[in-house]
Amino acid sequence: MTQLIKVWDIPGGVHPPENKAQSLIEPLTPLAIAPQLILPLNQHIGAPAKVLVEVGQAVLGGELLAEADGVFSAHVHAPTSGTVAAIVEHVVPHPSGMTDTCIILDTDGKDNWQPLDEAPDYQNLDKTALLARVRAAGIAGLGGAGFPTAVKLNPRANQPIDTLIINGTECEPYITADDILMQNRADEVIAGTQILSKLLGEPGRVVIGVEDNKPEAISSLREAAKGTAIEVVSFPTKYPSGGEKQLIQILTGREVPAGQIPASIGIVCQNVGTTAAVYRAVRFGEPLVKRITTVVGEALDTQRNVEVLLGTPIRFVLEQHGFNEKKASRLVMGGPMMGFSLPDTSVPLVKTTNCILAPTRKELPPPSPAQACIRCGMCAEACPADLLPQQLFWYAQSEDLEKLEAHNLFDCIECGACSFVCPSHIPLVQYYRAAKGEIRQHRIDKEKSDRSRRRFEFRKERIAKEEAEKEAKRLARKKAAEEAKKKLAEQKAASGDAKTAPAPAPAADEKQRAKLERLVAAAEDSLKQAQKPLEDATDEQREKQQARIKQADVKLKAAQDKLASLGAATSAQPAPTDKPAPAKAAADDPVSAAIERAKAKVAMAPEDKLRSSLESLYKRLAKAEEKAREAREQDSDKADALEQGVSKLKEKIASTQKELDELTPSSVAEPTPRDPATSDTSGGATADAASSAIEKAKARAAAMSTMSAADKLRNQVDSLEARLEKSRARLSKAEAENDENIDAFKAGVEKLEVKLAATREQLAQQNEQA
């Protein structure tokens, strides 16, 4: 029958030997079940599936082993019944021989299946239900890179589809898997095409494209498509007309723009094997667990097409076809143009495996050594994507990634036509694949760098904002301080002009008095509440009550004292006069009081001055030693600084004492002790403690003043050893009680050990000098 449908030609292309007849001699045959199946979790483009089973678990055929992880992923099902033997890294089909996570299934040979969810009336299912069944079956593209079919059948709402193309071209030499499928199961292909058409909203044109070197397949399809709107179109054989973009151009005359997908121009393209798998998934509920694969090559005793379970090791497939390893030049997964050599026969057959080629050296000789490019231009003539392979090769060699992208490297479909015609035998496709990998990695690195840069810029903005806020607050505080300073200066100026200290405003006195009265009343109420008797109180509760009573009593006395002081000040305030008394002015003015004290000190005799200074120094020494002792007990970081302060005070006391002795050698140089009854109004205990501390400090200072440098160092060593012993005891106790401050105790011990070692070294040096 003459075909009246117009087809277009594509640029370039080649005509390699087809070698398709030998695999079509025998009919399509199911292959036996292998003893063990190896199922990779990633047999598709996108994220690998997530494992749902455990080692040792028994499974049935069709049972879900791993579920899709996200939209761009696909389920993995058990092709037959058996037991999960392992979930490990295993070699997978890849040119690099890489490994990936795989589920190892030991088959039991019974091929028991779980019940399938059939749909006899699938024609009445809506789009959502149909798409769910396709996704549940784990179907990915069987003729290309393994794109998840459910994603491809659900384009964006802003991309209406007007053409559905079913790809039955199969232009690669040796491969006849799609050909024998169309010959034997044309009705399934047509039924699957109708399901795809419904999922895509019934496009205006539905066409199945087949090369004219498959007459039996074309005849079977046309017979099965009678009574439908499906067109079966044949066109001249030329490699690589089976490429998605090339087939679209042949059947529609439209070109897919660079960097876009067919859906962007209203076209969806699916493989015939994928189409038949969609029908079986929708109608019978069958998951994708097997496929038709061409097993061909003169190194095999039998060449044919077989229906084989996914996960079957290539070694098992070759054994079933009489593989002669000595005759084979290599093993290729896929065809001779776009396939890749297998590094290991233990790799499994996966969803995208359409051919296993085992050629002899005569049939497919090893590639010749590459020579220099002679710039013949034959690669450009053969390129079906209208690229410039020669320029791409040069830029790939020089790693000029920008020029490669500018020359549309990613439009290369890696068909191998350029390498096929190259007289210098340059493996051009290998250079293009490597360059694509570098560009992808460069994009990933750039994206990471951009994210880091954005984070850095955001951090800079945040810090700048915080600094601006701090500066604004600082300026506000500075302005407030300047205003307060200015106001205070104005008040002092006004006070100086008046030459008198104005009496407090009566209103202010009344407010202060009212406030103090309220404080006294509140303190009295707190004391009454604390003094209420407790019923059935424990000793601990009574102790707490006594503490509260004492505290309330202290607060009450303090409030009463303040109130009394305010009353005394008010009653004692003299009437305003033109010239206030000097004593009053000195009492009210701190500056005047300081001047009066300075005058009195100047008028004192030298001996009295020294005695006064000595008495003050002893008081300061007592306080300093008390603080240093507390710091040592708490192992504080300030202990060393306080010790130095004590030493300086002792030196100053010794110097002052010596000076006083020189002035009055016959007199007693020690300051006259005060009478506790007159010098301490807070109680005798405090005065006694202070006097005792002063006496001890005087004794230590006197002893230190007579010590030699070596004796002082020995004294210091003894003190450090005592402190170190106490610190170690505290550390041991903290470790026993698992105290949270163990690290601080350890740091204190280490610090004391270092200081003790340094002091001992100084003592040793002092002894050597002596």
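These notebook entries record what I looked up in this structure, which is a predicted model.

**Entry 1. Cavities**

I began with enclosed space inside the protein. I counted four cavities of 30 Å³ or more. For the largest cavity, I noted a volume of about 110 Å³. Its lining consists of 13 residues, and those closest to the centre are C373, C379, C422, I426 and L428. I then asked which helix gives the most to the lining of the largest cavity. I found helix α10, residues 389-397, which contributes three residues. By character, I sorted this lining into ten nonpolar residues, two polar residues and one charged residue.

I turned next to the second largest cavity, which holds about 90 Å³ of space. I recorded 13 lining residues here, with C383, P384, C412, C415 and C418 the closest to the centre. I looked up the helices involved: α12 (417-421) and α13 (428-498) each supply at least two residues of this lining. I listed eleven nonpolar residues, one polar residue and one charged residue in the lining of the second largest cavity.

**Entry 2. A nonpolar patch on the surface**

I moved to the surface and noted a nonpolar patch of about 340 Å². Which residues make this patch? I identified I45, V71, F72 and F147. I followed I45 further and placed it in the loop between β2 (36-40) and β3 (50-51). The relative accessible area of I45 is 38%, so I entered this residue as partly exposed. For membership of such a patch, a residue needs over 30% relative accessible area, and I45 has 38%.

**Entry 3. Helix α3**

I asked how many of the eight residues of helix α3 (residues 177-184) are buried. I found six, and I therefore describe the helix as mostly covered, taking buried to mean under 20% relative accessible area. The buried residues of α3 are A177, D178, D179, I180, L181 and M182.

**Entry 4. Backbone details**

I looked for unusual backbone geometry and began with the peptide bond from Y239 to P240. I recorded this bond as cis, with omega near 5°. I located P240 in the loop between β11 (230-235) and α6 (244-252).

I then examined E202, which has a positive phi of about 55° although it is not a glycine. I found E202 in the loop between α4 (186-199) and β10 (205-211). Is E202 buried or exposed? I entered E202 as exposed, because its relative accessible area is 51% and the cut-off for exposed is over 50%.

I noted N408 as well: its phi is positive, about 60°, and it is not a glycine. N408 sits in the loop between α11 (401-406) and α12. I classed N408 as partly exposed because its relative accessibility is 35%, which falls between the limits of 20% and 50%.

**Entry 5. K726 and V749**

I closed with K726, which I placed in helix α22 (residues 709-736). Its relative accessible area is 54%, so I listed K726 as exposed. I also looked up the separation of K726 and V749, which lie 23 residues apart along the chain. I recorded 9.3 Å between the C-alpha atoms of K726 and V749.

Note on methods: Residues numbered from 1 in each chain as written. Predicted model: local features only at pLDDT ≥ 70, side-chain atom pairs only at ≥ 80, totals over all residues. Heavy atoms only, no water. 1 Å grid on protein atoms, 1.4 Å probe; cavity = no way out; pocket = protein on both sides within 12 Å on 5 of 7 lines; lining within 4 Å. Points joined across faces, edges and corners; volume = space filled by probe spheres on them. Helix = DSSP H or I, 4+ residues; strand = E, 2+ residues; numbered from the N terminus. Nonpolar A, V, L, I, M, F, W, Y, C, P; charged D, E, K, R; others polar. Patch = residues over 30% accessible without salt bridge, like charges linked within 9 Å, V, L, I, M, F, W, Y side chains within 5 Å. Areas by Shrake-Rupley, 256 points an atom, 1.4 Å probe, with all protein chains shown as cover. Salt bridge = Lys/Arg side-chain N within 4 Å of Asp/Glu carboxyl O. Buried < 20%, exposed > 50% of the residue type's maximum accessible area, 1.4 Å probe, protein only.
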